[in-house]
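Q: I would like a close look at one part of this model, taken slowly and with the surrounding elements brought in where they help. Please start from a single residue and work outward.

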Amino acid sequence: MSALTRARALRNLRQTLSEAGFETAAVDARLLLLSVLRVPATELIINPDALLTTDEAERLEAATGRRLAHEPVARIIGEREFWGLPFALSPETLVPRPDTETVVQTALDLLPDRQAPLLMADFGTGSGSLLVALLHELPQATGLGVDLSLGALKTARRNAWANGVGRRSFFALSHWADAIAGRFDLIVSNPPYIASPVIPTLDQEVRDYDPRLALDGGPDGLDPYRILLGQAKRLLAPGGLLAVEIGYDQADDLRTLAASHGLEILKVAHDLSNNPRCVAMRHP
């Protein structure tokens, strides 16, 4: 047994991360310790003097080393909450971000009937966060998750079943809609939208740990939008809705692209930082 108590381990880790310059040291330390102990948060309050086992101490040391190397906490833990639901992660998926919930809320706000038997698709599904969150809110809907990464699709499928929507979820390996036929009432996407030259300048936690396939949007960051908007007429059912996440400075570009493909913009929604984050559109 280790002579380290849970309370002491938490204080030590918080201090280590704080001295290393992590602004979220307190939160990170708590999440990492809870993950290592595999106990609910109340256990730290109820039993702060319980001793760590040798195995727990070793796993905490390993997790600390990974965090000091700037690996995101969610990747060390192996999951991240999105829309109030837990999502397992894998090396092939992005870590779901709160900003992306703007896409979910925008789609829900614009759907006339949440009880309708809708058919939806999520292009570049990754962990399946958009697909699963929307199916969770649309109990009669069926969804298709599309990705170019087989590893991402396996993760998304696991998340769909874990969150109770597996029977209404299907998955396809495709470069955008190249292998997809049919028409959808709702299409969502959080595509790669970082311009290729910008990627080396990104924060280390993104640059070194997020899959480049999910980040790189081409020379100007707009290549996936050109593809998706170009395929929208073929893919959208009459009255169908297309909602995509965008970079904070891409709203004007999306307006131009939408107009060039005959799409009507219904809404440009802002995230919690008041940045443009989602563009919703349809064919007139």
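In the loop between which two helices is histidine 70 found?

A: Histidine 70 is found in the loop that runs between helix H4 (54-68) and helix H5 (73-77), and everything said about this residue and the others below refers to a predicted model. The backbone of histidine 70 deserves attention, since its phi is near 70 degrees, a positive value in a residue that is not glycine. Most residues other than glycine have a negative phi. As for its surroundings, histidine 70 has a relative accessible area of 28%, and because this value falls between 20% and 50%, the residue counts as partly exposed.

Moving from the loop into helix H4, one can take leucine 60, which lies in that helix. With a relative accessible area of 7%, leucine 60 is under the 20% cut-off and is therefore buried. Leaving aside residues up to four places away in sequence, leucine 60 touches Ala9, Leu13, Leu33, Val36 and Leu52. For one of these, valine 36, the C-alpha atom is separated from that of leucine 60 by 6.0 Å, although the two residues are 24 residues apart along the chain.

Several of these partners lead to the pair formed by helix H1 (residues 6-19) and helix H2 (residues 25-37), whose axes come within 8 Å and cross at roughly 135 degrees. An angle of this size is neither over 145 degrees nor within 65 to 115 degrees, so H1 and H2 are oblique to each other. The crossing in which H1 passes H2 is right-handed. On the H1 side, the residues that meet H2 include Ala9, Leu13 and Leu17, while Asp28, Ala29 and Leu33 are among those that H2 contributes. The residues of this contact divide into 10 nonpolar, one polar and four charged.

Aspartate 28, which lies in helix H2, belongs to that contact. Its relative accessible area is 5%, so aspartate 28 is buried. Once residues up to four places away in sequence are set aside, aspartate 28 touches Leu17, Phe22, Arg67 and Val73.

The positive phi of histidine 70 can also be set beside those of other residues in the model. Tryptophan 176 has a positive phi of about 50 degrees and is not a glycine either, and it lies in the loop between strand E5 (169-173) and strand E6 (184-189). Whereas histidine 70 is partly exposed, tryptophan 176, with a relative accessible area of 12%, falls under 20% and so is buried.

Asparagine 274 likewise takes a positive phi, near 65 degrees, in the hairpin of E8 and E9, which has five residues between its strands. Strand E8 (residues 264-270) pairs with E9 in the antiparallel sense over six bridges, and histidine 270 has proline 276 in E9 as its bridge partner. Strand E7 (residues 236-245) also pairs with E9 in the antiparallel sense, here over four bridges, with methionine 281 in E9 serving as the bridge partner of leucine 242. Strand E9 (residues 276-282) is itself mostly covered, six of its seven residues being buried.

Notes. Residues are numbered from 1 along each chain as its sequence is written. This is a predicted model: local features need pLDDT of at least 70, side-chain atom pairs count only at pLDDT 80 or more; totals for chains, interfaces and linings use all residues. Side-chain values use heavy atoms; hydrogens and water are left out. Buried means under 20% relative accessible area, exposed over 50%, partly exposed in between (1.4 Å probe, protein chains only). Two strands pair if DSSP finds at least two bridges between them. Axes are lines fitted to C-alpha atoms, for helices over the stretch in contact, and angles run from 0 to 180 degrees between N-to-C directions. Angles under 35 degrees count as roughly parallel, over 145 as roughly antiparallel, 65 to 115 as roughly perpendicular and the rest as oblique. A crossing is left-handed if the near helix is turned anticlockwise from the far one by less than a right angle, and right-handed if clockwise. Contact means heavy atoms within 4.5 Å. Ala, Val, Leu, Ile, Met, Phe, Trp, Tyr, Cys and Pro count as nonpolar, Asp, Glu, Lys and Arg as charged, and the others, Gly among them, as polar.
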